[in-house]
Amino acid sequence: MSGPPTTSLHPPATRPAPAADAAISPDAFTPTALRLLEMSSARWGTDHAVEIVGRSPLLESQLQRLEKVANFREPVLILGESGVGKECFARALHLLGRRSQRPFVSVNCPQYGEGNLTVSELFGHKRGSFTGAVADRKGAFETAEGGVIFLDEIADLFMSAQVMLLRALSTGEFQPLGATATRRLDVRIVAATNRPLNAMVAQEQFRRDLLFRLRYFLVEIPPLRDRGEDWRLLLEHFLQKLQAHYGAAKRFSEESLGLLAGYNWPGNVRELISIATTGYALSDDDLIEPRDFVDRLEQGSAPSSQQLGEIQRQLSWTEGDFWTLVREPFLNRELNRGEVRQLVARGLREAQGSYRSLLERWRLPADQYQKFMDFLRHHNLKPRGFRDEEH
């Protein structure tokens, strides 16, 4: 994944240089992703194209949501696990909106600590405002004037910086360190995180009022494990890029593909790129075998079948209810969609395929049937092969 030229306040991640001549099949993209690719290639060139590879309906639904809110000025909050491509989505939003000719500034929030440096990095400073301030300096917000500022991993911003950001959002103004006057704020704020902000608010680690200000529009990028066969398209895509860059044509063997088909992808697209690159570099011939990359696979990152079985047992023996044992971990990304579907499917098999009987087995009151079904439908959690029952 790549994007437009960026003003960044943190070093870019190390990765192979993109190859402009790598073949890209239109069949590897959803309709919205293909439009983004064509628009960004025409505007910024192929080296900076926004490439969001995949055909998953879940991916397309979030891209369509992104497109709907692109021309508004209110903040956008992008949620997603590490490695899913949150910055790529932010670039896509920038491309689709009215500010696409203005700067896109990327800020890495975890690099900031408490103190003057944070104020200076975000809002700038005047000469002499603190020791070492030998000249006036623009901060990230002023650099992004008229454009978009991307606050990556916003959950890691220190509380004092959260207060400053809240004030800027509330008043539409900011004040450089050491300045006597405020300045108007004309930027679109896009924030992203892989952490559960609601839980952080409850633990007083993140300001509730700031969360309300940031999440006018919410976009949730699905993890790779919930995107069906997208991993195969991504794997082929990055192998093509490696071939265009280094010359050798290589492919993953059937044994390797079988191993990856059962993998949970805890590192998402970023991990897939790493595995593709490692396998490509270490293979001795045109076939990439498991020995060339298997040590890069992260084992034990997702709940095991035994752990899911324990949740199932707790549900059946009322050692907790569905909302606390399943819903909360799912919303906090401790369980993924596949695992919740698996739990529900297990329960339905034991309940002879009846959702109402399942609620009885899990000791949920009958009047929660609609709430339960609405939750499954809203989050695309219903396992295949089971029908809804008539009221």
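**Helices, aromatic pairs and buried residues in the predicted model**

In the predicted model, the buried residues of helix α14 are Arg337, Glu339, Val340, Leu343, Val344, Ala345, Arg346, Gly347 and Leu348. This helix comprises the 14 residues 337-350, which at 1.5 Å a residue should span 20 Å, and the separation of 20 Å between its end C-alpha atoms therefore agrees with the expected value. Gln352, which follows α14, has a positive phi, near 60°. An α-helix has 3.6 residues a turn, so residues three or four places apart point the same way.

Helix α11, formed by residues 268-282, likewise reaches 21 Å from its first C-alpha to its last over 15 residues, close to the 21 Å expected at 1.5 Å a residue. Its buried residues are Asn268, Val269, Glu271, Leu272, Ile273, Ile275, Ala276, Thr278, Gly279 and Tyr280, and the buried residues of α11 pack against α9 (230-246), β9 (251-252) and β10 (287-288). Tyr280, one of these buried residues, also takes part in a contact with a charge, in that the charged end of Lys250 sits over the ring of Tyr280 at 5.0 Å from its centre.

Aromatic side chains were examined next. When rings are paired if their centres lie within 6.5 Å, the count comes to 15 aromatic pairs. For Phe322 and Trp323, the ring centres are 5.2 Å apart and the planes meet at 85°, an angle over the 60 degrees required, so this pair is classed as edge-to-face. Both Phe322 and Trp323 are buried. Phe330 and Phe375 form another edge-to-face pair, with 6.2 Å from centre to centre and 90° between the planes. This second pair links distant parts of the chain, given that Phe330 belongs to helix α13 (residues 322-331) and Phe375 to helix α16 (residues 369-378), with the two positions 45 residues apart. Phe330 and Phe375 are both buried as well. These four residues belong to one aromatic cluster, formed by Phe322, Trp323, Phe330, Trp362, Phe372 and Phe375. A charge is also placed at a ring of this cluster, as the charged end of Lys371 sits over the ring of Trp323, 4.3 Å from its centre.

A disulfide is a covalent bond between the sulfur atoms of two cysteines, and a search of the whole structure finds zero disulfides. Cys88 has a relative accessibility of 5% and therefore counts as buried, while Cys109, at 0% relative accessibility, is likewise counted as buried. Cys109 is among the residues touched by Asp152, together with Lys86, Val107, Asn108, Pro110 and Ala192, when residues up to four places away in sequence are not counted. Asp152 itself lies in strand β4 (residues 148-152) and is buried, with a relative accessible area of 15%. The C-alpha atoms of Asp152 and Glu87 are separated by 7.5 Å, although the two residues are 65 residues apart along the chain.

Confidence in the prediction averages a pLDDT of 85 over the protein, and 87% of the residues score at least 70. Among the elements, strand β2 (residues 76-79) has the highest mean pLDDT, 97, whereas strand β1 (residues 7-8) has the lowest, 50. The pLDDT is below 50 over residues 8-22, a stretch that nevertheless has 27 contacts in the model beyond near neighbours in sequence. Over residues 299-303 the pLDDT is also below 50, and this stretch has nine such contacts. Where pLDDT is low, the predicted coordinates should not be read in detail.

Definitions and conventions: Residues numbered from 1 in each chain as written. Predicted model: local features only at pLDDT ≥ 70, side-chain atom pairs only at ≥ 80, totals over all residues. Heavy atoms only, no water. Helix = DSSP H or I, 4+ residues; strand = E, 2+ residues; numbered from the N terminus. Expected span 1.5 Å × (residues − 1). Buried < 20%, exposed > 50% of the residue type's maximum accessible area, 1.4 Å probe, protein only. Phe/Tyr/Trp six-rings, centres within 6.5 Å; stacked < 30°, edge-to-face > 60°. Lys NZ or Arg CZ within 6 Å of the ring centre and 35° of its normal. Disulfide = S-S within 2.5 Å. Contact = heavy atoms within 4.5 Å. pLDDT = per-residue confidence, 0-100.
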